[in-house]
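Visitor: Could you take me through the salt bridges of this model, one part at a time, and then show me what else is worth a look? I work with computed structures, so feel free to give me the values.

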Amino acid sequence: MPPPTISLRTDNRQAHNRDKCRSNLFEFSKIGPVAMRLLPICLLGVLGALCVPVGVLSQEQYFIELSSGMRLGPGVPSVTDSISTNAFQRGGSGEVQIKSIGILDDGLRLTFYNQSQRNVLRVEESTLPPQEELELASAAEAARSGNPPSILGILGVSQFNKYGRRTYSFMTTRGQVSVLQGITLLTPTFAKVEILRTRTGKFVWDSRIATSSIPAKRLREILEQALDLTKSSDWLRMVSFYTQAGRFGEAREIMFEALQNFPSELADRRPVLDQLDQLLANQKFTEIKLRKESGQQKLATNLLFAFPVDQLPLETQLRINNEVQQLQQELLVIADATTALKECVAALPEPDQQVVAPLIEEMLNQLSLETVVRLADFYRLRADESIPNENKVALALSGWLLGSGAGMDNFAVVKSLLRVRVLVKEYLNDASSARRRDILAQLKSEEGAQPQVLDQLLETMQPPQSPPPHLDQDPVGMFRLSVQIASGQTVNYLVQVPPEYDPNRKYPCVLALPAKGDPPDMEIDWWCGLQMPVPSGGVFRFGQATRYGYIVVSPQWMTNDQTSYQYTENEHARVLGCLRDAFRKFSIDTDRVFVSGHYDGATAAWDLAVAHPDLWAGAIMISPGCDKYIVQYSENVQGKTPNDIPLGTYVVYGESDGTRNDSQLGRCATRYLVSPTYDSLVVEYRGRGRERFAAELPRIMEWMQLSSHRRIRIPRNIETTTMRPGDRFFYWLEAPQILANVAGNPYEFDPAAKGTFEAKVLDQTINGVNISRIPSVNRGAVVWLTPEMVDFSRTVTVSLQGKRHRNDVSPDIQVMLEDVRRRGDRMHVFWQRIPL
């Protein structure tokens, strides 16, 4: 059955009637489903008719659910054929025949998506109540004539005063401009900011900012100026405003004040306090679950046991009590497993106890809610008297070394595994090829060094290198590192780990590239939050990447004499050198690495994403440029079908960003959006220039968390483009050297000089791969193999441009270890390589 459809109006991008498209967006991502059900009751049933907004949206609002799992809205839908600002790009590509790009306008921003039935799974009309809309006095002073200039960069912005006014300085094609802005319309989601009439304010400029970006104290002051606080109804409107914004703690404080100020008039509104308590409790409970899922077990446990359960409704009490009981049961399992393991080890002969003592100490020190699952086999059989103690200990040790379900009960093999882990770590860290050959000879004599076991060991073990010592003056969890890349250059980079970082857990990662002139610290702050003191002492971060448990890596990727991104291999090497070094030192989930950046850093991130699609789960570009390889490599992030898209892209920019006029961003993003074989979202902030858009981060994190955004390790088909010497490795296929007529120069860019990789994994009856096209010197190729691709017990057939090569190959632990040493990726290891 096809997904439901709705009739969408077409969009004239030059006359999009933005004043009428006011938002009804409710920040449902901040609270749980119970709160979603209670909110309309709270607003309509209790606050009642006294809370009537100034203006109610006349246009219907919808939620849109996409095939990626992303849920957009509510907002007003429309369609367009292109998002390019360049008339030649809009009509010249020949790619767009119909209006196939969907738009959802929530008042703050336009979100563009592919609106085909293959991408839009569900369309639902919003049943949420209308948002509060407060018109401020500045509305009467807004300029109503003149065209706004394109903004090339922001020079300075003052804070809003209590009347919602500020000064704004920026650079345009006309030179520097300073204006007086005022908030003319305020909703729980966004503020409409316009130019006020002054000598310099001679043009219309409707800019939208997120209400959440206004400091809490100043927002309260602005609301108090906009409302008549001698009226109880306006107090209730303020309660409604904060409730719709998902700021339940502030809403409760205001409701409490209102009840004190108007005890008689609002006597029947006292139940609002209880409902706000429940909404706040649901919000906190959701946050506790998020922190627990993100590996912040101690914080989640402390918050859970400190929860004021007795003050909450019965339904919420039951949910929290169930969570507490589950946590207590998990802690009991850890205690039982620890006791049982000690008893089993104590029953071993003394020599065996000494052999396993270091690992047993490691396990007892590091056993946690996160790692106890590794002992599942041991825990299940710990009381079985028919199983000898040494076999039980073997189950525990093999589970710890190889992961849950290893099920290895041969004690002799497990003792070999202990030696193998030590040798593997030494191999990965030793720069001497002679010493590595000696280690390899030792490994080949070990029973525990079989390829399938080594693969599990590599993925489960802690990073082979330790991070540098933490500096006292730096924020908790932040490390300063440097790495020497192949060219001999040393590149500095920062890493911020989340709270309670545990090297036994795999963490998703953001590779964040700063803009020209910005230090990596700015990217860390953007993703992880600013450093904030806490009452208990210390300084911590409370940003989105911190909440969700991401490691953020930010390299100083530009050289000191650089003025812009140059699309060079040296820039790629500087970035990827830092990422691979971080793989060796931090426990990163290499299937969930997202590349991102701002400004020039965003352009570099986009180029890296399309040049090396096998590395990423997704790419996030904030105010990027777009040219050269980004445009020509579009097919590298395109799937043959909607089910095999290599990676998702998320682009954010401002409607008034003047740099877009000299960029091919619109053309390239349009190409992504018109086809369901791309996974792409493009977000345009209304009236904004070239900015950082921190308000978009919560929704970016929601997009990153989708199960659809995981790296594709082994695609069955490879169809990619290359135009640079270094862009010669895609997934499992490598060209030893790119043809000279393809290996172009970014400074003398030739869009016609392209080479194509085209290959596929053959079906099981043939057991091999077919390479139909590869732009390499002497028709050479290197095929990297895994058990997911071929059966190593049979002859492997590789067809290269029509010529068949039959190979009797078996997994090779030297190939495996060298692959990990070179790429740093312990989760996806190649078992063999076939050079042709």
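Guide: Aspartate 474 and arginine 480 are joined through their side chains in a salt bridge, with N to O at 3.0 Å. This is a predicted model, so please read each value here as computed from it. The two partners sit in unlike surroundings: aspartate 474 has a relative accessible area of 10% and is buried, whereas arginine 480 is partly exposed at 40% relative accessibility. The reasoning rests on the cut-offs: aspartate 474 counts as buried because its 10% is under 20%, and arginine 480 counts as partly exposed because its 40% falls between that limit and the 50% above which a residue is exposed.

A second pair to set beside this one is arginine 109 with aspartate 106. Their side chains meet in a salt bridge as well, at 2.8 Å from N to O. Here arginine 109 is buried, at 7% relative accessibility, and aspartate 106 is buried too, with a relative accessible area of 4%.

The third pair is glutamate 758 with arginine 773, where the closest N and O atoms of the salt bridge are 4.0 Å apart. This pair links distant parts of the chain, with glutamate 758 in strand 26 and arginine 773 in strand 27 (residues 768-773), 15 residues apart. Glutamate 758 is partly exposed at 28% relative accessibility, and arginine 773 is partly exposed with a relative accessible area of 44%.

Salt bridges can also be joined up. Asp591, Arg711, Arg713, Asp819, Arg822, Arg823 and Asp825 form a network of them. For the structure as a whole, the count comes to 46 salt bridges.

Now for the nonpolar side of the surface. Val476, Leu530, Met532, Phe540 and Phe542 make a nonpolar surface patch of about 490 Å². One of its members, leucine 530, lies in the loop between helix 15 (520-528) and strand 16 (531-533). With a relative accessible area of 55%, leucine 530 is exposed. Glycine 529 is placed in the loop between helix 15 and strand 16, yet glycine 529 counts as buried, at 13% relative accessibility. Glycine 529 and arginine 541 are 12 residues apart along the chain, and their C-alpha atoms are separated by 5.2 Å.

For a contrasting separation, take isoleucine 738 and serine 663: these are 75 residues apart along the chain, with 28 Å between their C-alpha atoms. Isoleucine 738 belongs to the loop between strand 25 (733-734) and strand 26 (755-761), and its relative accessible area of 6% makes it buried.

What about enclosed space? Rolling a probe the size of a water molecule over the atoms shows where empty space is left. A search of the whole structure finds nine cavities of 30 Å³ or more, and the largest cavity has a volume of about 70 Å³. Its lining is made by Leu66, Ser68, Tyr113, Asn114, Asn119, Tyr672, Tyr678, Asp679, Ser680 and Leu681. Strand 5 (109-114) and strand 22 (679-685) each supply at least two residues of that lining, and strand 22 has the largest share, three residues. Sorted by class, the lining of the largest cavity has five nonpolar, four polar and one charged residues.

Last, a few backbone details. Most residues other than glycine have a negative phi, and most peptide bonds are trans. Against that background, glycine 73 and proline 74 are joined by a cis peptide bond, with omega at about 5 degrees. Proline 74 is in strand 3 (residues 71-80). Tyrosine 567 has a phi near 65 degrees, a positive value in a residue other than glycine. Its place is the loop between strand 18 (551-555) and helix 17 (569-585), and tyrosine 567 counts as buried at 6% relative accessibility. Glutamine 801 also has a positive phi, near 50 degrees. This residue lies in the loop between strand 29 (796-800) and strand 30 (803-807), and at 28% relative accessibility glutamine 801 counts as partly exposed.

Methods:
Residues are numbered from 1 along each chain as its sequence is written. This is a predicted model: local features need pLDDT of at least 70, side-chain atom pairs count only at pLDDT 80 or more; totals for chains, interfaces and linings use all residues. Side-chain values use heavy atoms; hydrogens and water are left out. Patches are made of residues with over 30% relative accessible area and no salt bridge: like charges are joined within 9 Å, nonpolar side chains (Val, Leu, Ile, Met, Phe, Trp, Tyr) within 5 Å. Accessible areas come from the Shrake-Rupley method with a 1.4 Å probe; for residues, only the protein chains shown count as cover. Helices (H or I, at least four residues) and strands (E, at least two) are DSSP runs, numbered from the N terminus. Buried means under 20% relative accessible area, exposed over 50%, partly exposed in between (1.4 Å probe, protein chains only). On a 1 Å grid over the protein atoms alone, a cavity is a set of points where a 1.4 Å probe fits but cannot get out, and a pocket is an open set with protein on both sides within 12 Å along at least five of seven lines; lining residues have an atom within 4 Å of a point. Grid points are joined across faces, edges and corners, and a volume is the space filled by probe spheres set on the points. Ala, Val, Leu, Ile, Met, Phe, Trp, Tyr, Cys and Pro count as nonpolar, Asp, Glu, Lys and Arg as charged, and the others, Gly among them, as polar.
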